[in-house]
Amino acid sequence: MDLLALADFNLVARHGGFGRAARETGRPKATLSRRVAELEADLGLRLFERGARVLKLTQEGRALYERTGALLAEIDETAAALASGGDRPRGRLRISAPLLFSQTAMGTLAAGFARAYPDVRLEVTTEDRPVDMVEEGYDLVIRVNPDPDESLVGRIFLRDRLVVVAAPGRQQPADGAPVPAVVSRVADQATWKVTGQPDIAIDPVLRLSSLVMVRDAVRAGVGAGCLPASVVSHDLAAGRLVRWGDVAGPEIALWALYPSRRLLSARVSAFLDYLKAAFPKGTPDELAAYLAP
């Protein structure tokens with residue numbers, strides 16, 4: 001197999017088209033098209049479905065991309081490390097992180113990492129949806145309580161827990177009547193199960209898409225809320241909110257994940273080490289430290 005043609009195929013697959021790959025890399029579009037056509041002829045396979053406006057990988061093309069893209073990236077990284085005289089982290093590092101973690105900590109973390117590793121070009125995308133790391137070109141994803149995935153490995157770097165809080169002037173109903181509540185947009189429960197006490201029935205009066213928005217509305221006294229301890233830590237300490245109890249159930253675990261088939265690159269390893277140094281105990285208070293009091 002022609003490795004140069006394979007590399008050009010991976011460029012086109014990663015960028016989603018000949019024109020985009022040519023613009024991003026400075027390679028002639030005609031050269032990329034010719035090399036991919038030669039690779040398809042050598043393999044006897046069609047790697048792309050070519051439409052008038054859309055270029056899509058075939059099933060065989062996707063399999064080839066998933067199995068060779070990471071290997072080619074590792075070859076490039078090894079060559080760059082040898083040329084520079086060491087295995088110093090360098091190159092582009094793409095990370096997908098959830099909204100709340102990005103709002104609270106990622107900006108500060110990214111700035112510190114950029115100062116510590118100036119040869120790494122860090123790109124962070126904020127999204128709560130599951131992403132296809134290979135197809136979308138991510139090196140690392142941060143996720144909350146992710147579903148098991150045999151293609152990914154990683155580690156927990158932070159743990160949190162849910163607590164029920166309210167403004168000081170709001171009393172918890174003693175008769176079990178529903179309490180006005182501010183909930184996230186996707187929440188569908190009718191009660192909050194609290195450790196060591198009866199369930200709290202709720203009457204959602206606000207549905208908001210961000211937990212930071214939920215906290216602000218609860219702080220304004222509209223209703224009670226169920227929030228991560230890290231998000232309300234400063235408010236509880238300052239008396240702006242009072243705690244009604246801990247929510248029963250599994251903890252919140254933040255994972256840093258990467259493809260299991262890929263050798264850990266120097267830049268991914270450096271970011272994992274940076275996360276561990278930032279959250280040495282992995283407690284909610286360590287995350288709360290990134291929030292303004």
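Two strands are taken to pair if DSSP finds at least two bridges between them. Helices (H or I, at least four residues) and strands (E, at least two) are DSSP runs, numbered from the N terminus. The structure is a predicted model, in which local features need pLDDT of at least 70 and side-chain atom pairs count only at pLDDT 80 or more, while totals for chains, interfaces and linings use all residues. Residues are numbered from 1 along each chain as its sequence is written, and side-chain values use heavy atoms, with hydrogens and water left out.

On this basis, five strands form an open sheet of mixed pairing in the order β4-β3-β5-β13-β6. The edges are occupied by β4 (120-126) and β6 (152-160); each has a single partner strand, so one side of each is left without a neighbour in the sheet. Neighbouring strands of this sheet are turned by 20 degrees against each other on average, direction ignored; axes are lines fitted to C-alpha atoms, for helices over the stretch in contact, and angles run from 0 to 180 degrees between N-to-C directions. The edge strand β6 runs antiparallel to β13 (residues 252-259), and eight bridges join the two. Within this pair, L152 stands opposite P259 of β13.

Two helices are associated with the five-stranded sheet. Helix α5 (residues 99-116) packs on the sheet and touches β3 (91-97), β4, β5 (140-144), β6 and β13, contact meaning heavy atoms within 4.5 Å. The direction of α5 makes about 170 degrees with that of β4. Helix α9 (residues 266-278) lies across β3, β4, β5, β6 and β13, and runs at about 50 degrees to β3.

A further open sheet, of six strands, also has mixed pairing, with the order β9-β10-β8-β11-β7-β12. Here β9 (191-192) and β12 (242-246) stand at the edges with a single partner strand each, so one side of each lacks a neighbour in the sheet. The pairing of β9 with β10 (residues 200-208) is antiparallel and extends over two bridges. In this pairing, W192 has I200 as its bridge partner, and T191 stands opposite A201. On β10, parallel pairing is found with β8 (residues 179-184), through six bridges. V179 has I202 of β10 as its bridge partner, and V183 stands opposite R207 of β10. Strand β8 is also joined to β11 (residues 224-228) by two bridges, again in the parallel sense, with V182 opposite G225.

Towards the N terminus, the axes of helix α2 (residues 18-25) and helix α3 (residues 29-43) come within 9 Å and cross at roughly 125 degrees. That angle makes α2 oblique to α3, since angles under 35 degrees count as roughly parallel, over 145 as roughly antiparallel, 65 to 115 as roughly perpendicular and the rest as oblique. The contact is made by F18, G19, A21 and A22 of α2 together with K29, L32, S33 and V36 of α3. By class, five of these residues are nonpolar, two polar and one charged; Ala, Val, Leu, Ile, Met, Phe, Trp, Tyr, Cys and Pro count as nonpolar, Asp, Glu, Lys and Arg as charged, and the others, Gly among them, as polar.

Salt bridges, defined as a side-chain nitrogen of Lys or Arg within 4 Å of a carboxyl oxygen of Asp or Glu, number 17. One of them is formed by R27 with D8, whose closest N and O atoms are 2.8 Å apart. This pair links distant parts of the chain, R27 lying in the loop between α2 and α3 and D8 in helix α1 (residues 3-15), 19 residues apart.
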